[in-house]
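Student: I would like a close look at a single part of this model, with the cut-offs behind each term spelled out.

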Amino acid sequence: MTDSDKSSVKVHYICQTYVEKTAERDGQVTLKIDKQFEHTTASEAQNRAEREVRSETCAGADAYTVSEDPNSGEVGSPSFLVRLGNVPEFDEF
């Protein structure tokens, strides 16, 4: 393994969908993560989010990238490609 292989960063392309859930106690509606799909390109993740958000059961969808350092296992903050429909605020992510 070369030094450049050791320092390479792995990029993940994610589509994540959300559904609305109503709390039994107070009837308040909250968002919950429903599905997550990993893709090989940013455009595939974005296209998937655009298709998923058209579903009747899908409240919203995000397509984003995250970078992972394979040596430390650390994962960076998401960089959003597209946010569609009802999605949580970034600080709730």
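How many aromatic pairs does a search of the whole structure find? Beyond that, which residues of helix 2 are buried, and which residues are linked in a network of salt bridges?

Tutor: This is a predicted model, in which local features need pLDDT of at least 70 and side-chain atom pairs count only at pLDDT 80 or more, whereas totals for chains, interfaces and linings use all residues. Residues are numbered from 1 along each chain as its sequence is written, and side-chain values use heavy atoms, with hydrogens and water left out.

The search of the whole structure finds 1 aromatic pair, a term for Phe, Tyr or Trp rings (for Trp, its six-membered ring) with centres within 6.5 Å, called stacked if the planes are under 30 degrees apart, edge-to-face if over 60 and tilted otherwise.

Turning to helix 2, its buried residues are Ala 45, Arg 48, Ala 49 and Glu 52. Seen down the axis of helix 2, these buried residues fall within an arc of 100 degrees, so they line one face of the helix; the arc is taken over the directions from the helix axis to the C-beta atoms. Buried here means under 20% relative accessible area, exposed means over 50%, and partly exposed lies in between (1.4 Å probe, protein chains only). Helices (H or I, at least four residues) and strands (E, at least two) are DSSP runs, numbered from the N terminus. The buried residues of helix 2 pack against strand 1, strand 2, strand 3 and strand 4, with contact taken as heavy atoms within 4.5 Å.

Two residues of this buried set, Arg 48 and Glu 52, form a salt bridge whose closest N and O atoms are 3.0 Å apart, the term requiring a side-chain nitrogen of Lys or Arg within 4 Å of a carboxyl oxygen of Asp or Glu. Both residues lie in helix 2, 4 residues apart, which is about one turn of the helix. Glu 52 also meets Lys 35 in a salt bridge, at 3.6 Å from N to O. That pair links distant parts of the chain, since Glu 52 belongs to helix 2 (residues 42–52) and Lys 35 to strand 2 (residues 29–39), 17 residues apart. Their surroundings can be set side by side: Glu 52 is buried, with a relative accessible area of 14%, while Lys 35 is partly exposed at 37%. Lys 35, Arg 48 and Glu 52 are thus linked in a network of salt bridges. Arg 48 has a further partner, for its charged end sits over the ring of Phe 37, 3.5 Å from the ring centre; this requires NZ of Lys or CZ of Arg within 6 Å of the centre and within 35 degrees of the ring normal.

The whole structure holds 3 salt bridges, and one of them joins Asp 62 to Arg 83, with the closest N and O atoms 2.8 Å apart. It too links distant parts of the chain, with Asp 62 in strand 3 (residues 60–68) and Arg 83 in strand 4 (residues 79–85), 21 residues apart. Asp 62 counts as buried at 0% relative accessibility, whereas Arg 83 is partly exposed, with a relative accessible area of 30%. Arg 83 also lies over the face of Phe 80, at 4.1 Å from the ring centre. Phe 90, placed in the segment after strand 4, is in contact with Ser 77, Pro 78, Phe 80 and Arg 83, leaving aside its neighbours within four places in sequence.
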